[in-house]
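Here is a short briefing to read alongside the model. It starts with charged pairs and then moves on to one helix and the chain as a whole.

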Amino acid sequence: HAYGGTSGDLTGLDTMYLDFASIPFPLSLVLSPKAMECYQLLFRHLFFVRHVESRLVSIWRDHQTMKELQNLRGSQGPTFLLRQRMLHFVQNLLYYMTLEVIEPQWLTMDSSIRKHKSPDDILHDHNEFLHRVLEACLLTNRDVIRALTKLLKTCWLFSEQMKRFMKATRIDAERQALATELQRNIQHSLNAGNRRGKPITERFQQARSERRKRNMQQSARVEREISGES
């Protein structure tokens, strides 16, 4: 399966597609079964690319939390660079297909259809639009789409492995627990507003010390994950 699924292990990503249950006449003359297959192919392609972009953006957010661990920049640098190159590739591919192919071709077809009255002319313009869009989006060349799908699937697999890696380091879970504890402490301080708390300088020093200790512990765990065989 081009998008990573098998008949016995389908996911929502594998089964999502665009369809109309019933197309009324005379619209059915333009949106014929063959035309709908073209739209489904284009939709599936854009949907998969957008999904890969979303996963890579999620990894970018995870990497922002990793950058706080300064002593890991050397070992994690190649990973950050690879993620950025993948994200740059996917986002530029999306920009090209949506803003340089689909939108201009749609505006051209819309302008041409407004000048015609004959159904045959409208049908011809619509078929030309689909042909030009599919060709420019690289969906008419089997070798090119196979290579492109392999690149996109590699980006997707990279994002999945990075999610597993982040889960193993437990950095996100710790940060969420810390944020919850901080919110609880702030609420407690507000409820006990008539009491004098610690001096602000002492609280800053304590927070800085705890943050330094936490970063050292997280760095050690990440280093163990990086050096592990898995």
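In this predicted model, the count of salt bridges comes to 6. Among them is the pair of Arg-55 and Glu-160, and another is the pair of Lys-163 and Asp-62. As a general point, side chains of opposite charge can pair when their charged atoms come close. The bullets below take three of the pairs in turn, then look at a buried acid that has no such partner.

**Salt bridges between helix 3 and helix 6**

- Arg-55 and Glu-160 meet through their side chains, with 2.7 Å from N to O.
- Arg-55 belongs to helix 3 (residues 33-66) and Glu-160 to helix 6 (residues 142-169), so this salt bridge ties together parts of the chain that are 105 residues apart in sequence.
- Both partners count as partly exposed: Arg-55 has a relative accessibility of 23%, and Glu-160 has 27%.
- Lys-163 and Asp-62 form a salt bridge too, at 2.9 Å from N to O.
- Here Lys-163 comes from helix 6 and Asp-62 from helix 3, so the pair links parts that lie 101 residues apart in sequence.
- Lys-163 is partly exposed at 26% relative accessible area, whereas Asp-62 is buried at 7%.

**A salt bridge within helix 6**

- Arg-146 pairs with Asp-143, and their closest N and O atoms are 3.3 Å apart.
- Both residues sit in helix 6, 3 residues apart, which is about one turn of the helix.
- An α-helix has 3.6 residues a turn, so residues three or four places apart point the same way.
- Arg-146 is partly exposed, with 49% relative accessibility, while Asp-143 counts as exposed at 55%.

**Asp-125, a buried acid without a salt bridge**

- Which side chain of opposite charge is nearest to Asp-125? It is Arg-132, 6.7 Å away.
- That distance leaves Asp-125 without a salt bridge, although this residue is buried; the cut-off for a salt bridge is 4 Å.
- Asp-125 does have a polar partner, since its side chain makes a polar contact of 2.9 Å with the side chain of Ser-112.
- Leaving aside residues up to four places away in sequence, Asp-125 touches Met-109, Ser-112, Ile-113 and His-116.

**Helix 5, the home of Asp-125**

- Asp-125 lies in helix 5, which covers residues 119-136.
- Helix 5 has 18 residues and spans 26 Å from its first C-alpha to its last, close to the 26 Å expected at 1.5 Å a residue.
- Its buried residues are Asp-125, His-126, Phe-129, Leu-130, Val-133 and Leu-134.
- Viewed down the axis of helix 5, these buried residues fall within an arc of 160 degrees, so they line one face of the helix.
- At the N-terminal end, Ser-118 acts as a cap: one of its side-chain oxygens lies 3.2 Å from the backbone nitrogen of Asp-120.
- Following helix 5 comes Leu-138, which has a positive phi, near 70 degrees.

**The chain as a whole**

- The chain has 8 helices and 0 strands, so to speak an α-α-α-α-α-α-α-α run from the N terminus on.
- Of the 230 residues in the chain, 29% are buried.
- Taking contacts between residues at least 6 apart in sequence, 80% join residues at least 24 apart.

Notes
Residues are numbered from 1 along each chain as its sequence is written. Side-chain values use heavy atoms; hydrogens and water are left out. Helices (H or I, at least four residues) and strands (E, at least two) are DSSP runs, numbered from the N terminus. Buried means under 20% relative accessible area, exposed over 50%, partly exposed in between (1.4 Å probe, protein chains only). Lys and Arg count as positive and Asp and Glu as negative; His and the chain ends are not counted. A polar contact is a pair of N or O atoms within 3.5 Å; within protein, one must be able to donate a hydrogen and the other to accept it, and residues adjacent in sequence count only if both atoms are side-chain atoms. Contact means heavy atoms within 4.5 Å. The expected span of a helix is 1.5 Å times one less than its number of residues. The arc is that of the directions from the helix axis to the C-beta atoms.
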